[in-house]
Structures are given as C-alpha cells and as structure tokens.
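Q: Could you show me how to read a helix and some ring pairs, one step at a time?

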Amino acid sequence: MRTGNGPEASRKWALSCMRSGACIKACSYGVNPRFLLSMARLGIAKSDNELAERRRRGVERYRDGSRGVNVLSRLQLDADVLERLGQRSASVATPVETPDFVFYTGCNVLKTPHIALLALDIMDALGVSYQVMGGPSHCCGILQLKSGDAEMAGRMGSSTMEKLSHSNSGQVISWCPSCYVQYTETILPTVERQHGSRPFEMNPFMRFLGDRLAQLKPHLQRRVEMRVALHRHPGVAGVVESAAEILTAVPGIELVDLNQPAVGLQSVDVGALPKYKRELQLMELEAARDAGVDALVAVYHSDHRELCAHERDWPFRIMNILEVVGESMGLHRHDRYKELKIMQDADQIVADCSDLIAKHSLDPGNARDVVVKVLLGDQPLPLRRGAPPETRAGGVEPS
C-alpha cells in the first residue's frame, strides 16, 4: 500500500479482488481488508504510472462512462422522465421543501432506467419523500480512484457528498453498490476522521425496503404465480437477505435456491476474473433451466445488463427484483434496455430509437458507436448465436 511494490503473488491477489466482502467478516482484527486491497491497487497504479498518465486515464474513463450513460438513457427516455431521474435541469434544482431522504442512483443504473423508475414508484406508494440525485454530474469518484488519481477521486466524491447532504433524516438511500462501498468505506470514514462526524449515513435500497417490509406488504395485492431464482452477490451485507425476504413476501412467488456460488460486489466486479465469470454465468443459466424456474431475478443493474439478453436463448425470463415487486403492486415499467439488446443489431436499434435520437439532438453515428461498444459490448458470456430461442417454461413470454 505504501510503495505499490511487492511480491507478484500479492499484486495478482490485489488485482483479482471481486469485492465480495467475505474478508471483512473473516478478519479477527476488526479492520476492513477490502479497503486495504483497494488501497493496494491504488499503490500499484501509482507505482506503474506517473500522475499525468493516471489523470489522463481517469478522465478517459469518466468521459467514456458519461457518454454511455447519457446516450443509452436518452435512447430510452423522454426529457420529462430524465428530469424525474434527476437529470438535465433537475440535477441542479433545489427542492421547495427538504425531503426526508436523498435517493442516490449512482451513474450506470440510468442505462437500465426502468429499474430506477420502479424504485421511485415504490417509494411513492409508501409515501416516502425524496430527492433524486445521480448520473455523471454526481460521480462518486470511483473511476478516478481505479485509475490511481486519488486527489481527483477525493474532489469528485467530496463535491457529490456536499450535494447529498441535505435531507431531514440525514439518510441517503443508495442504489449502486459500487457507490455505496466508495462512500461508506473510503469517503465518509475519511471525513469522519477529519471532522469528527459524517454528513449523512447511507443505506442500500434493498435494505431500506426490507426494513419497511411490514409497510410494503399491504401494497403487495396481486398474486405473481412464478418460480424464481435469485441471482446473488454478497458484497454489501444484508442486501441478498433483504431481497430474498422481499421476494418471498410477494403472493404467489416460490423462491428456488439454485445452490450456485455467490461472489462479488455485483456482476461487473467479477470481471476481475473473466473466465471464472463466464463459467459462473453459464452454470447459473443451466441450473435455472434444470430447476424449471420461470424467471432468474437479479438485484443490481450491472447484473441485469450482462444477463438480460440471454432471455432470448433460455426457457425463462430474466428480470430485476423490482419488476416482480412492481407487478404485485400494480406498477409496471417497460424494460426497453432488454428489448433493444435482444435485437443484437446496432443498425436496427438505432433505427428503432430514431425518434428519441432526433428529440435529444443526438448524433446517430455516435449513438450507434455507443450501442456497439456499451450496450451490445456488455456481454461477458456470449449468446448462443444463431440458436433459436427455446420454448419458454410454462408458456411465460419475455417481458
């Protein structure tokens, strides 16, 4: 951590971390090894490259990430819906009344906006007052930290922290697990050491919803007759447990345990070991088929992005947990991301989104490039190219 230099085995270990969090529970010294591994990777980046190169990489990652988020969200949403998700003028607006909570989306869930919109719909049904913040203008600084530019990561994270600090409860409800770890393990502890207190506490949306399960249950009016399996990542304590509890509270849901390994903070983090990631995803799809489930249900947005197009080739749906909850509550948001990705044709996708491309004054060539690199390129386990879709279990059609 101090020098960035060490045995090759140690370097390999640090760079292979998937942020599963098991080390935190296992450490008898009461420290956070996941944070130490993050700092080790920062040390490696500093040792391998000069500051100018690290800063350049951080800027490139931020620009590429922002481009993907901005274009893909605009290929799916009108301006008013973007405003509801805290984008455009809403990103700098001050609410008339201070809300009870700030709902922090992070950046990348805006690529799959139906997930974030369902979270807002559910909070509306529960009578929760909130202000939405997120997107590239509210970056947590993780991309800069991964590039080895700790100073810029601190600036980005601190700027967003100030924006998040205004709610009646002093609570921020987070969606993105990466943002959650960045704040709760790096930024907020640092601020607390410097100033003696934290500006807010952060709680993942699944835990927030699980804590209000008694309030949620009366809204779960409609039966959802489905056998479902939960795609699990244990990196944030309590999230998988809350998700399972929420699913079993939905009338008609039968939760099936596929007995598959649960690793990583979210799917994107398992990419530290690409071959292992592909093996895990294939094993889970095969197990879901063999168990005869109607749906494989994920929590996080990166899980959904990587898995959803496989719905084309397997006899079950691939859904987000909030779609299941929403169906029981009479709430529906169309999964346009999955619809576009299953097309598997960049030109067809751009043509299908031509109205929104024109409305948002997007360059069609730039939009196509993002579709190829970001939407279609986000596919760790290749689809069964050319294989016809299998007959869907129980006659269940894709959403």
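A: We begin with a term: a residue is called buried when under 20% of its relative area is accessible, and exposed when that value is over 50%. Please keep in mind that the model is predicted.

Q: Which residues of α14 are exposed, and which are buried?

A: K275 and D290 are exposed, whereas the buried residues of α14 are K277, L280, Q281, E284, L285, A287 and A288. These buried residues cover an arc of only 165° around the axis, which puts them on the same side of α14, and the exposed K275 and D290 are on the other side.

Q: What covers the buried residues of α14?

A: The cover includes β5 (226–230), α13 (267–270), β7 (295–298), α15 (301–307) and β8 (317–320).

Q: How far apart are the end C-alpha atoms of α14?

A: At 1.5 Å a residue, the 18 residues of this helix, 274–291, should span 26 Å, and the end C-alpha atoms are indeed 26 Å apart, which agrees. After α14 comes G292, whose phi is positive, near 70°.

Q: How many aromatic pairs does a search of the whole structure find?

A: The search finds seven aromatic pairs. One of them joins F101 and F208, which meet edge-to-face, with 5.2 Å from centre to centre and 75° between the planes. Since F101 lies in strand β1 (residues 101–104) and F208 in helix α10 (residues 205–211), the pair ties together parts that are 107 residues apart in sequence.

Q: Are F101 and F208 buried or exposed?

A: Both F101 and F208 are buried, and they belong to one aromatic cluster together with F103, W175 and F205.

Conventions:
Residues are numbered from 1 along each chain as its sequence is written. This is a predicted model: local features need pLDDT of at least 70, side-chain atom pairs count only at pLDDT 80 or more; totals for chains, interfaces and linings use all residues. Side-chain values use heavy atoms; hydrogens and water are left out. Helices (H or I, at least four residues) and strands (E, at least two) are DSSP runs, numbered from the N terminus. The expected span of a helix is 1.5 Å times one less than its number of residues. Buried means under 20% relative accessible area, exposed over 50%, partly exposed in between (1.4 Å probe, protein chains only). The arc is that of the directions from the helix axis to the C-beta atoms. Contact means heavy atoms within 4.5 Å. Rings of Phe, Tyr and Trp (its six-membered ring) pair if their centres lie within 6.5 Å; planes under 30 degrees apart count as stacked, over 60 as edge-to-face and the rest as tilted.
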